[in-house]
Amino acid sequence: MSEHAAPPEGADFGHDFARALDTADPLRPYRDRFVYADDTIYLDGNSLGRLPKGTPARLQEVIGDQWGRNLIRSWPQWMEFATAVGDRLGREVLGVDDGQVAISDSTTVNLYKLINAALDLRPGRGTVLIEKDNFPTDLYVVQGIARARGITCVYLDSDIDHGVDISLVTESLSDDVALVVLSHVAYRSGALADMVSITAAVHEAGALMLWDLCHSAGSVRIPLQEAAADFAVGCTYKYLNAGPGAPAYLYVRRDLQSQAQQPIWGWFSQRDQFGMDQRYDAADGMARFLTGTPNMLGTTSIDEGLNAIADAGIGQIQDGGRLLTGYAQLLADEWLRPLGFTVASPRQPSRRGAHLTLHHDHAWQICQAMIARDVVPDFRTPDRLRLGFSPLTTSYDDVWRGLDRIRQIVQDGAHLSFPTERAAVT
Ligand SMILES: *Cc1c(COP(=O)(O)O)cnc(C)c1O
């Protein structure tokens, strides 16, 4: 089922079949490594991943021993640890060699840093290309930088359900384009962009490429190294399960590191940090992309979150995501299509990440009714239900019961008593 969402041999739509899929699932043992506090069917691991069972003890160790006892004497150990976790995330999740990934700031701030660094590397070029349906923070950061630097922002007219394809990128490339900013997996539809061929086309035009990996890190294999991508950013609280507000990461290809310079000249990117020199002198390597004091509790929870991913392996996780979304699509076609739903993601599992998006005219009301019945999806504008199937933490039983509850809600019209007015946080 990894190429097409064809029903597996002997598939049926019964609950027993879901249980049989769970029994046969090689990722099943990993679910025991996470906290399930109640019976909520959580289809939102792509917004905030579950808490790994090991994380509270790891945090307690940092709080009690490293902070509580050793106080400031822990900093040498913490600095080394932060570098090691960046390298580990690079190897296990991004598939890149050491020395090219750093843990730092938020995705938003890292976008600001790397977009500016990229533009400085292409003086004389005055255009940034960005997909019009990229995640809002990516759009806003590009717009703010375009205003500050007096450059032009060109929006690729991507389809909100099918994502960006290479022809859309190539027809907008020109010798004025300095940088292209795209998401590898689209946040709304889950569409997976062809990183290797798009990056090659961008390089061919003399431009640089920045990938946002927020929805692909920990859900699919990322061919960053094969693509020789220039820059990438991403967060750690989605499929990497590092918890709310855990720091983000950034990637800079090794050969660009000595030329590129980010605009937030903080003391953590100073060559001799404790020389306390009054003049800035950028450090070598990934250290030059840091800013200020790193978040050590967050970095610790990133490291703990990486354990399950490293053990399962990203290949197996990617297969698991395709099977889960494929199964969800099967049930959606059978049960939900007659109730007014359509799949608003690419239909081929290999063309998407680990979430599946459904369109329905009453999606916001259905979303509220689902939460009232302990099924947690995301609502995404304009009228989409986004169902995340985090491969390490979602069972086939969750998929079956989650979609069954959607079916019941809409069959009974239970959603119609919920407000049509959208809440501030969805
Ligand atoms: C989740 C997400 C972000 C989040 O950025 P923060 O700075 O962590 O709030 C950015 N980009 C994309 C594509 C995302 O999915």
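**Figure 1. Helix H5 and its packing partners.** The buried residues of H5 pack against strands E3 (127-131), E5 (177-183), E6 (208-212), E7 (231-234) and E8 (249-252), and against helix H6 (136-149). This view, like those that follow, comes from a predicted model. H5 covers residues 107-121, 15 in number. From first C-alpha to last, H5 reaches 21 Å, close to the 21 Å expected at 1.5 Å a residue. The helix is mostly covered, with 11 of its 15 residues buried. Among them are Thr107, Asn110, Leu111 and Lys113. Leu114, Ile115, Asn116, Ala117, Ala118, Leu119 and Leu121 are also buried.

**Figure 2. Strand E3, enclosed on both faces.** E3 is one of the strands that the buried residues of H5 pack against. Five of the five residues of E3 are buried, so the strand is largely enclosed by the rest of the structure. In a regular strand, side chains alternate between the two faces of the sheet. Here both faces are covered. Thr127, Leu129 and Glu131 lie buried on one side. Val128 and Ile130 lie buried on the other.

**Figure 3. E3 and its parallel neighbours, E4 and E5.** Five bridges join E3 to strand E4 (residues 152-156), and the two run parallel. The chain goes from E3 through H6 to E4, a right-handed β-α-β crossover. Two bridge pairs can be picked out between these strands. Threonine 127 has threonine 152 of E4 as its bridge partner. Leucine 129 has valine 154 of E4. E3 also pairs with E5, again in the parallel sense, over four bridges. In that pairing, valine 128 stands opposite leucine 179 of E5.

**Figure 4. Helices H4 and H10 crossing.** Two packed helices are described by the angle between their axes and the distance between the axes. The axes of H4 (residues 75-94) and H10 (residues 296-312) come within 10 Å. They cross at roughly 35°. The crossing is left-handed. On the H4 side, the contact residues are Trp75, Trp78, Phe81, Ala82, Val85, Arg88, Leu89, Glu92 and Val93. On the H10 side, they are Met296, Thr299, Thr300, Ile302, Asp303, Leu306, Asn307, Ile309 and Ala310.

**Figure 5. A four-stranded antiparallel sheet.** The strands form an open sheet in the order E9-E10-E13-E12, with antiparallel pairing. E9 (342-343) and E12 (378-380) are the edge strands, each pairing on one side only. E12 pairs with E13 (residues 384-388) over three bridges, in the antiparallel sense. Phenylalanine 379 stands opposite leucine 385 of E13. Helix H12 (residues 363-372) packs on the sheet and touches E12 and E13. The direction of H12 makes about 40° with that of E13.

**Figure 6. Helix H11 across E9 and E10.** H11 lies across E9 and strand E10 (355-359). H11 runs at about 20° to E10. The helix spans residues 314-336, 23 in number. From first C-alpha to last, H11 reaches 31 Å, close to the 33 Å expected at 1.5 Å a residue. H11 is mostly covered: 18 of its 23 residues are buried.

How values were computed
Residues are numbered from 1 along each chain as its sequence is written. This is a predicted model: local features need pLDDT of at least 70, side-chain atom pairs count only at pLDDT 80 or more; totals for chains, interfaces and linings use all residues. Side-chain values use heavy atoms; hydrogens and water are left out. The expected span of a helix is 1.5 Å times one less than its number of residues. Buried means under 20% relative accessible area, exposed over 50%, partly exposed in between (1.4 Å probe, protein chains only). Contact means heavy atoms within 4.5 Å. Two strands pair if DSSP finds at least two bridges between them. A crossover is right-handed if, with the strands pointing away from the viewer, the path from the first strand over the helix to the second runs clockwise. Axes are lines fitted to C-alpha atoms, for helices over the stretch in contact, and angles run from 0 to 180 degrees between N-to-C directions. A crossing is left-handed if the near helix is turned anticlockwise from the far one by less than a right angle, and right-handed if clockwise.
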